[in-house]
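Hi everyone, thanks for coming. I'd like to walk you through a structure that may be new to you, so settle in and have a look.

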Amino acid sequence: MFLRNAWYIAAWADELGEKPLGRRVCNEPIVLFRDSNGAAAALTDRCCHRSAPLSQGTLVATGLQCGYHGLIFDGSGKCVAIPGQSRIPDDARVRSYPVVEKDQLVWLWMGEAGRADPGKILDFPYHNDRAHWPNKHACYPIKGNYMLMVDNLMDLTHLGYLHAKTVGGNPAAHVGAEMKTTRTSTGIKFTRWLRNSVPPPTYVKAAGFTGRVDRWQEFEWVAPSSVLQWTGAADVGTGAYEGKREGGFQFRLFHGLTPETETSCFYFWSCANGYRQNEPAATEQLYSEIAPTFVEDKEMVEAQQARMTELGEAGLVDIAADANRMTMRRFMERMIAEEVGARAAE
Ligand code: FES
Ligand SMILES: [Fe+2]
């Protein structure tokens, strides 16, 4: 079951171009496009004439034209033209969804339209601040429930194993990391310190570390399914732990998970480097180091989903490293129960 009254990422802003984009979100077929004014729009991906998917249509001056018999719809879903007739019936319309474009992301509201509050969309201004945080992004389709990816980000002990060759580092350093978790009004925030640890291969390549480092990872989960990450490292004992973290080796990652179906999702992620900002090669290098790491996560989550589909979840045990993951899951269960309860009461 999905939380309906929530903002989900439907696309990167630059995915909305010359052609309409079909994307299933929370199990509903949606078509995304830019209307005649360039504003992002989202409609049910079904023409109200004979049910053709509108995502197979084309963009024309007045809106989105169905590829079957040529009806045209504007961004609000209203039919604005029918070939061969001047009268347009009032019910010639397609459902539209609230959409907001912010920080290079296209956010979509899947619940009751009257409750859509753009003020509740999280801020990630770094995507727009290319001078200080040059960045690059991608969207990975994953054949796994979106929460499995959020789980993955809530338990970083997997880094030392699954990502040993990239961002991982020594497994013992991860399991023994110093961790502090706090609740926020929209989720949880946790900071991990791997002090006096061996820098992982990715860090050495990017920053040229020659010895041990003090390494931090700050994660904020924002319900339902975004994770904001700030990570970096400094030569051991040079004051990073005490607060001197600006200016050194650091990067920010954005992770946004959007449910497609119960067993598939979209992983919208970006990386922004906060070092060597004037060198486009640094951004490229970070991206090309991170991208395969997230493929490792994708493949593990897909394998996990396949087993869960086959064998269910009975008999799975929780371990100490699951603490944040479980807090996150309980938070989500509460939100969904509240929403279902409110709907039942109406
Ligand atoms: S199905 Fe879309 S115009 Fe006929
Ligand atoms: Fe991972």
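**A sheet and two domains**

Let's begin with one pair of residues: Leu43 sits opposite Ser96, which belongs to β9. Before I go further, please keep in mind that this is a predicted model.

Which strand pairs with β9, and over how many bridges? That is β4, residues 40-44, and the two run antiparallel, joined over 2 bridges. As a bit of background, strands in a sheet pair through backbone hydrogen bonds, in either a parallel or an antiparallel way.

Now let's step back to the whole sheet. It is an open one with 4 strands, in the order β2-β3-β4-β9, and the pairing is antiparallel. Why do β2 and β9 each have one side without a neighbour in the sheet? Both stand at the edges, and each has a single partner strand, so one side is left free of a sheet neighbour; β9, by the way, covers 96-97.

On to the overall layout. The protein is split into domain 1, spanning 7-119, and domain 2, spanning 125-338. Taken over C-alpha atoms, the centres of these two domains are 33 Å apart. Where they touch, domain 1 gives 11 residues to the contact and domain 2 gives 11 residues.

And what supplies the domain 1 side? Two elements give two or more residues there: β1, at 7-12, and β2, at 21-25. The largest share, 4 residues, comes from β1. Sorted by class, this side of domain 1 has 7 nonpolar, 2 polar and 2 charged residues.

So β2 is a strand to remember: it stands at an edge of the sheet, and it also gives residues to the side of domain 1 that touches domain 2. Thanks for listening!

Technical notes. Residues numbered from 1 in each chain as written. Chains lettered and ligands numbered in written order. Predicted model: local features only at pLDDT ≥ 70, side-chain atom pairs only at ≥ 80, totals over all residues. Domains from an automatic or database assignment. Contact = placed C-beta atoms within 7 Å. Nonpolar A, V, L, I, M, F, W, Y, C, P; charged D, E, K, R; others polar. Pairing = 2+ DSSP bridges.
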